[in-house]
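Reader: I'd like to go through this one label by label and ask where each comes from. Can you put it up first?

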Amino acid sequence: MAKEISRRSFLKGGLAAACTLAATSMPEWASAANNKQQLVTLLDIRKCIGCEACVEACSEANTDKYPNPKKPFPKMYPDRVPVMDWSDKRDVTDRLTPYNWVYIQSATVEVDGEETEITIPRRCMHCINPPCVKLCPWGAARQLSNGTSRIDSDICMGGSKCKAVCPWHIPERQTGVGLYLDILPSLAGNGVMYKCDRCYNQIADGELPACIEVCPEDVQTIGPRDEIIKQAHALAKEINGYIYGEKENGGTNTIYVSPVPFEKLNKAIEKGKGKPHFKPVKDTMADANNLAAAMVFAPVAGVAAAVGKFYKMTKTDE
Ligand code: SF4
Ligand code: SF4
Ligand code: SF4
């Protein structure tokens with residue numbers, strides 16, 4: 001079974017050169033990812049049929065990472081960080097939540113003179129220089145060498161800084177779970193932030209992220225950055241289309257190719273809480289003040305990481 005998954009992985013990665021690696025057990029795209037190369041996903045949104053198989057697969061693959069909050073929640077003083085409780089709404093799939101890390105956005109637009117419904121999987125963009133990681137005061141958000149960003153639920157205090165600084169406001173908080181309950185239940189944080197972690201553990205094992213593996217239309221292609229950027233430009237040229245994600249926020253590791261301009265898509269999609277936009281985004285981390293803030297936070301992050309590791313050890317021993 002693992003062999004079959006590996007074979008599909010490399011086919012979906014679209015890397016012809018991987019043929020030369022037949023003797024190794026790990027597909028080339030995964031070897032690249034584990035060898036510190038930036039890994040990018042390309043989404044050809046013309047192909048998406050909105051079946052939500054990716055949404056379901058994400059949930060199944062990541063259930064063990066979802067929060068199991070303790071209730072009642074401790075009262076916060078002062079009441080600055082509101083309670084966010086999605087634990088009784090785990091089935092919500094029409095937006096991002098702590099229990100739903102990808103959702104299908106839809107837009108009705110004119111394509112080649114015909115009114116067409118376009119469906120688009122939305123999740124974390126995995127920015128090259130992610131403000132959620134660089135500005136997390138506790139060092140809970142990390143970027144792996146392959147460009148995946150993830151939030152460590154053992155360290156996160158749920159203060160939402162990552163959501164505030166993310167140009168798409170992707171991470172979502174669940175109250176009543178995490179480190180704050182043990183150290184500052186009434187004074188800090190108020191939960192843990194959750195978002196797509198690009199199935200980092202599956203990638204480390206040479207397996208595709210669940211949403212890519214399951215898609216019946218092969219909407220997503222994954223591979224090393226140079227290869228995928230080339231593919232994205234070739235596809236955009238072929239369909240006379242448009243690219244989003246290559247330059248936004250200084251560049252991301254998620255590239256959408258669309259037959260209509262993203263400005264049009266952005267007007268047509270429903271936006272708001274848990275529903276990210278498709279607007280142009282400047283390089284937020286190019287701002288010198290942000291970089292300075294990140295450096296000020298660094299010592300706090302080190303302490304938090306140590307406390308988080310201790311917390312994880314004590315939880316494991318229970
Ligand atoms: S599984 Fe593929 S076709 Fe179905 S909604 Fe997800 S991306 Fe679109
Ligand atoms: S899209 Fe937002 S949450 Fe994802 S890596 Fe970029 S800044 Fe972080
Ligand atoms: S990469 Fe993994 S965690 Fe991210 S949306 Fe796809 S299945 Fe979910």
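Author: Sure. Of the protein's 318 residues, 43% count as buried. This is a predicted model, so local features need pLDDT of at least 70 and side-chain atom pairs count only at pLDDT 80 or more, while totals for chains, interfaces and linings use all residues. Residues are numbered from 1 along each chain as its sequence is written, with chains lettered from A and ligands numbered from 1 in the order in which they are written.

Reader: What makes a residue like Asp218 exposed?

Author: A residue is buried with 20 or more other C-beta atoms within 10 Å of its own, exposed with 12 or fewer, and partly exposed in between, the C-beta atoms being placed from the backbone. Asp218 has 12 such neighbours within 10 Å, so it is exposed. Asn240 has 8, so it is exposed as well.

Reader: And what is notable about phi in Asp218?

Author: Phi is positive there, about 50°, although Asp218 is not a glycine. Asn240 also has a positive phi, near 55°. Most residues other than glycine have a negative phi. Asp218 sits in the loop between α8 (210–214) and β8 (220–224), and Asn240 in the loop between α9 (225–239) and β9 (242–244).

Reader: How do you know which peptide bond is cis, and where is Pro72?

Author: Omega is about 0° for the bond joining Lys71 and Pro72, a cis peptide bond. Pro72 lies in the loop between α3 (53–62) and β2 (103–111).

Reader: What is counted as a helix or a strand?

Author: Both are DSSP runs numbered from the N terminus: H or I of at least four residues for helices, E of at least two for strands. That gives 11 helices and 10 strands here.

Reader: Which residues touch the most other members of the largest nonpolar core?

Author: Val102, Cys136, Cys156 and Cys162 do, in a core of 63 residues. A nonpolar core is a set of buried Ala, Val, Leu, Ile, Met, Phe, Trp, Tyr and Cys residues joined through C-beta atoms within 7 Å. Strand β1 (residues 39–44) gives the most to this core, with four residues.

Reader: What does Cys162 touch?

Author: Contact is C-beta atoms, placed from the backbone, within 7 Å. Leaving out residues up to four places away in sequence, Cys162 touches Cys132, Cys136, Ala141, Ile151, Pro171 and Met193.

Note on methods
Contact = placed C-beta atoms within 7 Å.
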